[in-house]
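Trainee: Could you walk me through reading a fold with the coordinates open? I'd like the general idea each time, and then the case at hand.

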Amino acid sequence: MKSALVTGGSRGIGAAIVLELARKGFRVAINYKSDEAAAIAVAEEVRALGAEAIVLRADVADVSQVDALFGEIDRQFGQLDVLVCNAGVLRDTLLGASTADDFDDVFSVNISGVVNCCRQASRRMVARRAGAIVNLSSVAATRPGRGQSNYAASKGAVEAFTRALAVELAPRGIRVNAVAPGVIETDMTRDIRALAPEELNKRILLKRPGSAREVAAVVAFLCGDEASYVTAQVWNVDGGFKAE
């Protein structure tokens with residue numbers, strides 16, 4: 001049975017990815033940083049689907065915690081076939097009003113966290129000459145909103161990193177892709193969606209926000225054998241989101 005790790009898997013898009021992978025027969029390691037109860041609830045849903053789940057706490061921005069996270073996966077699963085780097089944070093603010101922490105916090109999770117996890121995963125996958133990595137980007141990487149300079153820059157870095165890592169790992173049979181969601185119905189986007197829903201929908205060709213499961217379906221596809229000839233790509237799941 002194949003094993004997957006989903007970072008930030010306790011809620012929103014991450015939880016949807018965990019459940020979609022479980023439906024496809026993966027046993028899943030659910031990483032969380034602070035909300036243990038939510039992670040346990042997702043694990044119970046996975047088990048209700050007949051799949052195996054473990055819950056592991058770690059801050060992906062902390063190298064030592066990531067090392068321990070992967071060590072625990074080695075101990076409990078024996079191998080890792082798929083990594084989904086979903087953990088991310090928002091600190092929207094205008095640049096002139098921002099502080100250094102507004103950028104440092106976003107970059108430490110959104111890009112350093114991805115690098116930390118991919119480093120550990122790639123070492124294990126290279127040894128087996130197999131594996132798939134999917135990193136979560138955002139529509140903001142190419143079509144950012146006002147006050148998103150830190151978030152947009154971090155997600156642009158994720159996309160560049162994904163393409164470079166795909167080049168590095170392709171000779172070892174490892175695929176690396178990214179998925180860039182648009183406006184998705186999650187807690188993270190609640191304030192944005194509530195502010196001006198009609199104006200927001202005007203920027204989306206399909207005239208509605210997406211669901212977490214719609215994103216998860218694309219991520220799960222890229223994790224599976226059906227996507228065996230897909231690497232170094234960024235897949236937009238944004239309903240046809242347009243720039244302002």
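The talk below goes from the sheet to one strand, then to helices and a loop.

Mentor: Keep in mind that this is a predicted model.

Trainee: Fine. Where do I start with the sheet, and in what order do the strands come?

Mentor: General idea first: strands of a sheet pair through backbone hydrogen bonds, either parallel or antiparallel. Here, seven strands make an open sheet, ordered E3-E2-E1-E4-E5-E6-E7, and the pairing is parallel.

Trainee: Which strands are at the edges?

Mentor: E3 and E7 (234–237), each of which pairs on one side only. On average, neighbouring strands of this sheet are turned by 20 degrees against each other, ignoring direction.

Trainee: Let's take one strand, E2. How do I read its two faces, buried or exposed?

Mentor: In a regular strand the side chains alternate between the two faces of the sheet. For E2, one side has Arg27, Ala29 and Asn31, the other has Val28, Ile30 and Tyr32, and all of these are buried. Six of the six residues of E2 (residues 27–32) are buried, so the strand is largely enclosed by the rest of the structure.

Trainee: What joins E2 to E1, and how many bridges are there?

Mentor: E1 (residues 3–6) runs parallel to E2, with four bridges between them. If you want a spot to click on, Val6 sits opposite Ile30 in E2. To get from E1 to E2 the chain goes through helix H1 (residues 12–23), a β-α-β crossover that is right-handed.

Trainee: And what about E2 and E3?

Mentor: Those two run parallel as well, joined by five bridges, with E3 covering residues 53–57. Ala29 stands opposite Ile54 in E3. The chain passes from E2 to E3 by way of helix H2 (residues 36–48), and this β-α-β crossover is right-handed.

Trainee: Which strands does H1 lie across?

Mentor: H1 lies across E1, E2, E4, E5 and E6 (174–181), and runs at about 175 degrees to E1. Helix H6 (residues 149–169) also packs on the sheet, where H6 touches E5, E6 and E7 and makes about 160 degrees with the direction of E6.

Trainee: Now a helix by itself. Which residues of H3 are buried?

Mentor: An α-helix has 3.6 residues a turn, so residues three or four places apart point the same way. In H3 the buried residues are Val66, Leu69, Phe70, Ile73 and Phe77. They span an arc of only 90 degrees around the axis, which puts them on the same side of H3.

Trainee: What covers that side, and what is on the face turned away from it?

Mentor: The cover includes E1, E2, E3, E4 (82–85) and H5. The face turned away carries the exposed residues Ala68 and Arg75. As for length, H3 (residues 63–77) has 15 residues and reaches 21 Å from first C-alpha to last, close to the 21 Å expected at 1.5 Å a residue. Just after H3, look for Gly78, which takes a positive phi of about 85 degrees.

Trainee: Last one, a loop residue. Where is Ala130, and what does Ala130 touch?

Mentor: Ala130 is in the loop between H5 (112–128) and E5 (131–136). Leaving out residues up to four places away in sequence, Ala130 touches Met125, Arg172, Gly173 and Ile174. Ala130 is partly exposed, at a relative accessible area of 27%. Its C-alpha is separated by 9.5 Å from that of Ala170, 40 residues apart along the chain.

Notes. Residues are numbered from 1 along each chain as its sequence is written. This is a predicted model: local features need pLDDT of at least 70, side-chain atom pairs count only at pLDDT 80 or more; totals for chains, interfaces and linings use all residues. Side-chain values use heavy atoms; hydrogens and water are left out. Buried means under 20% relative accessible area, exposed over 50%, partly exposed in between (1.4 Å probe, protein chains only). Two strands pair if DSSP finds at least two bridges between them. A crossover is right-handed if, with the strands pointing away from the viewer, the path from the first strand over the helix to the second runs clockwise. Contact means heavy atoms within 4.5 Å. The expected span of a helix is 1.5 Å times one less than its number of residues. The arc is that of the directions from the helix axis to the C-beta atoms. Axes are lines fitted to C-alpha atoms, for helices over the stretch in contact, and angles run from 0 to 180 degrees between N-to-C directions.
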